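Please give a short report on the structure below, covering its strands, one helix, its aromatic rings and its cysteines.

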Amino acid sequence: MAIEHKVGNLSRHIGQVTEEWREGYCKLTVEVSEQHINRSGAVDGGVFAILIDSAAAYAGTFAKTGEPRNDCATISMNVNFAGQPSGKRLVAEGHVRRSGKRIFFASCTVTDEDGTLCAFGDCTFRIFSPR
């Protein structure tokens, strides 16, 4: 079940869907289509990077209903490409590793619907108060 919330234009462009979002965790999905394929016929690495950045950021900025949600900016991101999906659905799962008042660290894996590991990464974010 998709969770409705404000998303960035790039996330919307790749068809990113928020499936699950709670304190310290976020699950995003993308249905692979022609727009995600690079000139070599594989899912473009940028798609994996967007999913890793988004799922990790969402995991660290969850807010309960009625509470203001913090914003964040990516300070650093490390992406490792492990393989191409065998299926047509990408699943990104972001987890907060540690969070302070101004910085949080999160990790993310991207698999296909069969559980094949496609990419993984670690991110560091700067937390901003709600606007």
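The report below takes the strands, the helix, the rings and the cysteines in turn.

The model is predicted: local features need pLDDT of at least 70, side-chain atom pairs count only at pLDDT 80 or more, and totals for chains, interfaces and linings use all residues. Residues are numbered from 1 along each chain as its sequence is written, and side-chain values use heavy atoms, with hydrogens and water left out.

**Strands.** Helices (H or I, at least four residues) and strands (E, at least two) are DSSP runs, numbered from the N terminus. Two strands pair if DSSP finds at least two bridges between them. Strand β1 (residues 17-22) runs antiparallel to β2, joined by five bridges, and Val-17 stands opposite Thr-29 of β2. Two residues separate the strands of this hairpin, where Gly-24 has a positive phi near 80 degrees. β2 also pairs with strand β4 (residues 89-99), antiparallel and over seven bridges; there Lys-27 faces Glu-93 of β4. Five of the seven residues of β2 (residues 25-31) are buried, where buried means under 20% relative accessible area, exposed over 50% and partly exposed in between (1.4 Å probe, protein chains only).

**Helix α2.** Twelve of the 16 residues of α2 are buried, so the helix is largely enclosed by the rest of the structure. Among them are Phe-48, Leu-51 and Tyr-58. The expected span (1.5 Å times one less than the number of residues) is 22 Å for α2 (residues 45-60), and the end C-alpha atoms are 23 Å apart, which agrees. At the start of α2, a side-chain oxygen of Asp-44 comes to within 2.7 Å of the backbone nitrogen of Gly-46.

**Rings.** Rings of Phe, Tyr and Trp (its six-membered ring) pair if their centres lie within 6.5 Å, with planes under 30 degrees apart counted as stacked, over 60 as edge-to-face and the rest as tilted. The whole structure has four aromatic pairs. Trp-21 and Phe-62 form an edge-to-face pair, because their centres are 5.9 Å apart and their planes at 75 degrees. Trp-21 is in β1 and Phe-62 in the loop between α2 and β3 (71-81), so the pair ties together parts 41 residues apart in sequence. Ring pairs link Trp-21, Tyr-58 and Phe-62 into a cluster.

**Cysteines.** A disulfide is a pair of cysteine sulfur atoms within 2.5 Å, and the structure holds zero. The table lists two cysteines whose closest cysteine sulfur is too far for a bond.

| Cysteine | Closest cysteine sulfur | Relative accessible area |
|---|---|---|
| Cys-72 | Cys-123, 9.3 Å | 25%, partly exposed |
| Cys-123 | Cys-108, 7.3 Å | 2%, buried |

Note on methods: Polar contact = N/O pair within 3.5 Å; in protein donor to acceptor, adjacent residues only side chain to side chain.
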